[in-house]
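Me: Please examine the model shown below. I should like to discuss its charged side-chain pairs and its enclosed space.

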Amino acid sequence: MSVEFRKLTREDMAAYKELRLLGLTESPHAFGSSLEEEQEKSEDEFFRMASNIYIIGAFEENNLVGVAGIYKDDGQKRQHRATIWGVYTHPEHRGQGIGKRLINEILSHIPAEVEQIHLGTWEHNHPAIKIYTNAGFESYGLDKNALRWDGKDYHELKMVKFLNKI
């Protein structure tokens, strides 16, 4: 099966919401938002949020099976930084290289002024950590108890990739 990668559009918001809600159900410890917070949002609210973030979708036979977003930090003093956000691959499509391709696609859309890219992932998400490390990210810290879900604390591994700027 061939997978197409492209920026999400307004027409993709129903599929994006469905995939995001699946991620929040299947891996609630991996996201800063909760299912309860996001399921109430309309497609228009998802579109407004998505319009501030560059979100790449992985489509297999026109079905959205993976996503990754990136946004540039605000403010004059932080314009050299960007953050990768909301990376998720549908469980039935894992192990096919989609996550790796999503990260490579999103990295190809980095604004020219960005010199460092940050991300965070659950400390025990070894497949994601491998993808990020292979893409040139390095860990720089552990945010202990970053998320609390269902009475349990989860630590977030902080990672960064410094771009070679001449």
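Me: Is Arg 94 buried, partly exposed or exposed?

Reply: In this predicted model, the relative accessible area of Arg 94 is 40%. Buried means under 20% and exposed means over 50%, so a value in between places Arg 94 in the remaining class. Arg 94 is therefore partly exposed.

Me: Which residue forms a salt bridge with Arg 94, the closest N and O atoms being 2.9 Å apart?

Reply: Arg 94 lies in the loop between E4 and helix H4 (98-107), and its partner lies in helix H1, so the pair ties together parts that are 68 residues apart in sequence. The partner is partly exposed, with a relative accessible area of 33%. This residue is Glu 26.

Me: How many residues apart are Lys 72 and Glu 113?

Reply: The side chains of Lys 72 and Glu 113 meet in a salt bridge, at 2.8 Å from N to O. Lys 72 belongs to strand E3 (residues 63-72), whereas Glu 113 is in the loop between H4 and strand E5 (116-122). The pair thus links distant parts of the chain, and the separation is 41 residues.

Me: Which element gives the most to the lining of the largest cavity?

Reply: The largest cavity holds about 50 Å³ of space, and its lining consists of Tyr 16, Leu 19, Arg 20, Gly 23, Phe 31, Val 67, Gly 86 and Tyr 88. Two elements give two or more residues to this lining, namely helix H1 (13-26) and strand E4 (81-89). The element that gives the most, with four residues, is H1.

Notes. Residues are numbered from 1 along each chain as its sequence is written. This is a predicted model: local features need pLDDT of at least 70, side-chain atom pairs count only at pLDDT 80 or more; totals for chains, interfaces and linings use all residues. Side-chain values use heavy atoms; hydrogens and water are left out. On a 1 Å grid over the protein atoms alone, a cavity is a set of points where a 1.4 Å probe fits but cannot get out, and a pocket is an open set with protein on both sides within 12 Å along at least five of seven lines; lining residues have an atom within 4 Å of a point. Grid points are joined across faces, edges and corners, and a volume is the space filled by probe spheres set on the points. A salt bridge is a side-chain nitrogen of Lys or Arg within 4 Å of a carboxyl oxygen of Asp or Glu. Buried means under 20% relative accessible area, exposed over 50%, partly exposed in between (1.4 Å probe, protein chains only).
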